[in-house]
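Hi everyone, thanks for coming. I'd like to walk you through one structure today, so let me put it up on the screen.

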Amino acid sequence: MQAKVELSFEEIIRRLKSLALPEIDRVIGIASGGTMPAALVAHQLSRPFSLMQINYRDEVNQPRHERPKLLGDVPAFAAKQRILLVDDVSVSGATLEVAKATLSDHEVITLVLKGKADLVAFPEISACVKWPWKVDSRQ
């Protein structure tokens with residue numbers, strides 16, 4: 001098994017601050033993986049923060065549904081906003097596509113820490129990452 005890349009909060013915050021982030025009205029995180037990165041970005045930009053719960057993979061990163069599934073309600077806010085949609089990882093882009101389709105009345109820009117999106121904080125990392133906010137119960 002390939003070793004996980006370890007990133008610290010400091011490294012992640014430094015990289016997020018180095019990105020040329022667009023002017024936006026709101027940050028929405030994909031729960032649960034995108035909760036912490038979205039909160040960090042919302043704080044950095046001093047913008048409102050909401051969560052959308054979309055589930056596709058289980059705890060060991062295997063798909064649990066045929067396609068990503070929206071769970072719960074969509075955050076309510078004024079129409080026609082510029083939204084920065086944030087997740088930790090996007091492998092296929094399917095979860096972000098479901099979120100974007102759900103938010104189709106808005107202009108949506110995507111950001112992930114690694115993977116496929118409009119903005120990627122760590123494009124050089126292809127290995128699995130040990131995020132500082134995740135506890136691995138399998139150790």
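How many aromatic pairs does the structure hold? Before I answer, please keep in mind that this is a predicted model. The answer is two.

Let's take them in turn. In one pair, Phe 9 and Trp 133 have ring centres 5.6 Å apart, and their planes meet at 50°, so we call that pair tilted. What I like here is where the partners sit. Phe 9 belongs to helix H1, residues 9-18, while Trp 133 is in the segment after strand E8, residues 129-130, so the pair ties together parts that are 124 residues apart in sequence. Phe 9 itself is partly exposed, at a relative accessible area of 29%.

The other pair is Trp 131 with Trp 133. Their ring centres are 5.6 Å apart and their planes are at 10°; that angle is under the 30 degrees cut-off, so this pair is stacked. Trp 131 has 5% relative accessibility and counts as buried. Put the pairs together and you get a cluster of Phe 9, Trp 131 and Trp 133.

Now, on to the nonpolar interior. Which residues have the most contacts inside the largest nonpolar core? They are Ile 12, Leu 16, Val 27, Leu 84, Leu 111 and Leu 113, in a core of 23 residues. Two or more residues each come from H1, helix H2 (35-45), strand E5 (82-90) and strand E6 (107-115). H2 gives the most, with four residues.

Let me zoom in on Leu 111. Leaving aside residues up to four places away in sequence, Leu 111 touches a group that includes Leu 16, Leu 19, Leu 21, Leu 84 and Val 86. Apart from this core there is another one, of 14 residues, with Ile 30, Ile 83, Leu 85 and Val 112 among them.

Back to H2 for a moment. Its buried residues are Pro 37, Ala 38, Leu 40, Val 41 and Ala 42. And what covers them? The cover includes H1, strand E2 (26-31), E3, E5 and E6. Just after H2, have a look at Ser 46, which takes a positive phi of about 55°.

One last stop: Pro 68, in the loop between strand E3 (49-55) and strand E4 (69-71). Is Pro 68 buried or exposed? Buried, with a relative accessible area of 7%. Its C-alpha is 9.0 Å from that of Glu 97, and the two residues are 29 apart along the chain.

That's my tour, and I'm happy to take questions.

Definitions and conventions. Residues are numbered from 1 along each chain as its sequence is written. This is a predicted model: local features need pLDDT of at least 70, side-chain atom pairs count only at pLDDT 80 or more; totals for chains, interfaces and linings use all residues. Side-chain values use heavy atoms; hydrogens and water are left out. Rings of Phe, Tyr and Trp (its six-membered ring) pair if their centres lie within 6.5 Å; planes under 30 degrees apart count as stacked, over 60 as edge-to-face and the rest as tilted. Buried means under 20% relative accessible area, exposed over 50%, partly exposed in between (1.4 Å probe, protein chains only). A nonpolar core is a set of buried Ala, Val, Leu, Ile, Met, Phe, Trp, Tyr and Cys residues joined through side-chain atoms within 4.5 Å. Contact means heavy atoms within 4.5 Å.
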